[in-house]
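Please walk through this protein step by step, beginning with how its helices are arranged and ending with a few single residues that deserve a closer look.

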Amino acid sequence: MSRLKLQHGVSRIRRAKLQSSIDQTIADDIELLANWSNNETQYVINELLRFAIAQEEDFLKYKANLAANPTRNANDAKPATSPIKPVSETAAKPEAPVSANAAHA
């Protein structure tokens, strides 16, 4: 089984806005991981999601199949309900902390 490896102090990447509600206990652990690794919570969340996706073999096969059949992708693609804004458009808005404790950090 693979292991999640967080690099200390690496946080600056291009981002897209994704809003989701998570359990408070998970939010607390993510905040703790961010403090421990000296990273932003967004970086920790990205790494956790990247790790989880890499573990899902059926999804990876599906993704590879879509990439191998680009004409099928255009026909099967579902229209997005709302466009994802680049970080530059959302940077003016302050982001809500992941947990209640994040406001005190």
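When two helices are compared here, each axis is a line fitted to the C-alpha atoms over the stretch in contact, and the angle between the N-to-C directions can run from 0 to 180 degrees. The model itself is predicted, a point to keep in mind throughout. With that in place, helix α1, covering residues 24-37, and helix α2, covering residues 41-55, have axes that come within 9 Å and cross at roughly 110 degrees. Since angles of 65 to 115 degrees count as roughly perpendicular, α1 and α2 are therefore roughly perpendicular to each other.

The residues that form this crossing can be named on both sides: α1 contributes Ile30, Glu31, Leu33, Ala34 and Ser37, which meet Thr41, Val44, Ile45 and Leu48 of α2. By character, the residues of this contact comprise six nonpolar, two polar and one charged.

Stepping back to the whole chain, the secondary structure consists of five helices and zero strands, so that reading along the sequence gives the pattern α-α-α-α-α. Of the 105 residues of the protein, 14% count as buried, where buried means under 20% relative accessible area. Among the contacts between residues at least 6 apart in sequence, 75% join residues at least 24 apart.

Which residues make up the largest nonpolar core? This core has five residues in all, namely Leu6, Ile30, Ala34, Tyr43 and Val44, and the elements that give two or more residues to this core are α1 and α2. In soluble globular proteins, nonpolar side chains tend to be buried together. Ala34 belongs to this core and is also part of the contact of α1 with α2; leaving aside its neighbours within four places in sequence, Ala34 is in contact with Asn39, Glu40, Thr41 and Val44.

One of those partners, Glu40, sits in the loop between α1 and α2 and is partly exposed, with a relative accessible area of 25%. The C-alpha atoms of Glu40 and Ile30, which are 10 residues apart along the chain, are separated by 9.7 Å. Asn38 has its place in the loop between α1 and α2 as well, and at 59% relative accessibility Asn38 counts as exposed. The backbone of Asn38 deserves a remark, for its phi is near 60 degrees, a positive value in a residue other than glycine. As a point of background, most residues other than glycine have a negative phi.

Two further pairs relate α2 and the start of the chain. Ala54 is found in helix α2 and is partly exposed, with a relative accessible area of 45%; its C-alpha atom is separated by 9.3 Å from that of Ser2, although the two residues are 52 apart along the chain. Arg3, in the segment before α1, is exposed at a relative accessible area of 75%, and the C-alpha atoms of Arg3 and Phe51, 48 residues apart along the chain, are separated by 8.3 Å.

Is helix α3 buried or largely in the open? Of the 12 residues of α3, the number buried is zero, so this helix lies largely in the open. Its length can be checked as well: at 1.5 Å a residue, the 12 residues of α3, residues 57-68, should span 16 Å, and the end C-alpha atoms are 16 Å apart, which agrees. The expected span is taken as 1.5 Å times one less than the number of residues.

Key. Residues are numbered from 1 along each chain as its sequence is written. This is a predicted model: local features need pLDDT of at least 70, side-chain atom pairs count only at pLDDT 80 or more; totals for chains, interfaces and linings use all residues. Side-chain values use heavy atoms; hydrogens and water are left out. Helices (H or I, at least four residues) and strands (E, at least two) are DSSP runs, numbered from the N terminus. Angles under 35 degrees count as roughly parallel, over 145 as roughly antiparallel, 65 to 115 as roughly perpendicular and the rest as oblique. Contact means heavy atoms within 4.5 Å. Ala, Val, Leu, Ile, Met, Phe, Trp, Tyr, Cys and Pro count as nonpolar, Asp, Glu, Lys and Arg as charged, and the others, Gly among them, as polar. A nonpolar core is a set of buried Ala, Val, Leu, Ile, Met, Phe, Trp, Tyr and Cys residues joined through side-chain atoms within 4.5 Å. Buried means under 20% relative accessible area, exposed over 50%, partly exposed in between (1.4 Å probe, protein chains only).
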